[in-house]
Amino acid sequence: MDDGEFWLELELGMSFQDFLREYSRLEICNLTPDALTARKFRKWNTTLYNGTWRKGSTAGGCRNYPATFWINPQFKIKLECEDEDDDYGKEKGCTFLLALMQKNRRKERRFGKDMETIGFAVYEFVGQSAVHLKREFFLSNSSRARSEQFINLREVSTRNKLPQGEYIVVPSTFEPNVEGDFVLRVFSENRHGTVEMDDPITANLPSEETLSEAQLDEGFKNLFRQLAGEV
C-alpha cells in the first residue's frame, strides 16, 4: 500500500557502507513498556484515549500560550500503588509511561501536510470532580512532569515516576489552532484510574403544553393536509 510505510528485511551480506548510503535513520522499537535494562518483564495496565485538537475549540497550543493552553483536552490519572521494586531507581513512587501518537498523518501527506509538533504536560491535581480545569489553574501551578521535548514525530513517549495521587495530563500541539487527531496511551505497572476531564452538560428545558386537535389553528391544519395528503 502507498501509505508511506514498508518493512525491510536486511540481509546479512549487506555492508555497513551500503546501509549508510541508503538510509539516514534507524529506529529500534521495544514491543513492551519495559525498559531495555529491566531485570524482568511485567504485566502492564494500559488505558487508551482517542482525542482531537480543533481550531477555536480544543487546540490551545503548549504552555507558552497561557491564554489558550487550558482549552486542550485533559485527562485525569490516579496513581494508586507504588512500584514493587527498584528497577527504575531507588526513589519511591509510581512508574508510568505516557505515549502520545498522531493519527492519520500519512494520509495527509498527499495534501502537503507533515507531522505536527506535539508533546504533553502533567500537573498534580487534588479534587474529586471531573471538571475541565480553567486557565487560572495552569497560571498558578507548575507541571510535575512533561514530554522531553515538543517534536514533529508520529509518537512522543516519556517514562515518569511520581508519588501516589491524582494528576492531569494535557496533550497539545506546540502552537495553538493546529488541528489533528491523537491517541493517548497510559501504561503503569500497578493499578491506575483514568478519566477524561470535561464540564458537566445540563439543560433546563421548559415543559411543553400538549394541545388537543380542537386547539390547533385551522390554517395550520389545512397546510398540514396540503403537504401530507389525505390519510
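How much area does the protein chain expose, and what share of it do carbon and sulfur atoms supply? I looked this up before anything else. The protein chain exposes about 16100 Å². Carbon and sulfur atoms supply 51% of that area. I note that the model is predicted.

**Entry: whole chain**

I turned to burial next. The protein chain has 231 residues, and 33% of them are buried. I then checked contacts between residues at least 6 apart in sequence. Of these, 80% join residues at least 24 apart.

**Entry: elements**

I counted four helices and nine strands in the protein chain. I wrote down their order from the N terminus: α-β-β-β-α-β-α-β-β-β-β-β-α.

**Entry: the sheet with E1**

Which strands make up the open sheet, and in what order? I read four strands, ordered E1-E8-E3-E6. Their pairing is antiparallel. The edges are strand E1 (45-53) and strand E6 (155-162), and each pairs on one side only. From one strand to the next, the twist averages 15 degrees.

I followed E1 to its partner. Strand E8 covers residues 180-188, and nine bridges join E1 to E8. The two strands run antiparallel. I picked out one facing position: threonine 47 stands opposite valine 186 in E8.

**Entry: aromatic rings**

I searched the whole structure for aromatic pairs and found 10. One aromatic cluster is formed by Tyr49, Trp53, Phe75 and Phe182. I placed some members against the strands. Tyr49 and Trp53 fall within the 45-53 range of E1, and Phe182 falls within the 180-188 range of E8.

**Entry: asparagine 177**

I checked backbone angles here. Phi of asparagine 177 is near 60 degrees. That is a positive value in a residue other than glycine. Where does asparagine 177 lie? I found asparagine 177 in the loop between strand E7 (165-173) and E8. Is asparagine 177 buried or partly exposed? Its relative accessibility is 43%, so I logged asparagine 177 as partly exposed.

**Entry: serine 147**

I looked at a second loop residue. Serine 147 is found between strand E5 (145-146) and E6. Is serine 147 buried or exposed? Serine 147 has a relative accessible area of 4%, so I logged this residue as buried; the cut-off for buried is under 20%.

Which residues does serine 147 touch, leaving aside its neighbours within four places in sequence? I listed Gly119, Phe120, Val156 and Thr158 as its contacts. Val156 and Thr158 fall within the 155-162 range of edge strand E6.

Conventions. Residues are numbered from 1 along each chain as its sequence is written. This is a predicted model: local features need pLDDT of at least 70, side-chain atom pairs count only at pLDDT 80 or more; totals for chains, interfaces and linings use all residues. Side-chain values use heavy atoms; hydrogens and water are left out. Two strands pair if DSSP finds at least two bridges between them. Axes are lines fitted to C-alpha atoms, for helices over the stretch in contact, and angles run from 0 to 180 degrees between N-to-C directions. Rings of Phe, Tyr and Trp (its six-membered ring) pair if their centres lie within 6.5 Å; planes under 30 degrees apart count as stacked, over 60 as edge-to-face and the rest as tilted. Buried means under 20% relative accessible area, exposed over 50%, partly exposed in between (1.4 Å probe, protein chains only). Contact means heavy atoms within 4.5 Å. Accessible areas come from the Shrake-Rupley method with a 1.4 Å probe; for residues, only the protein chains shown count as cover.
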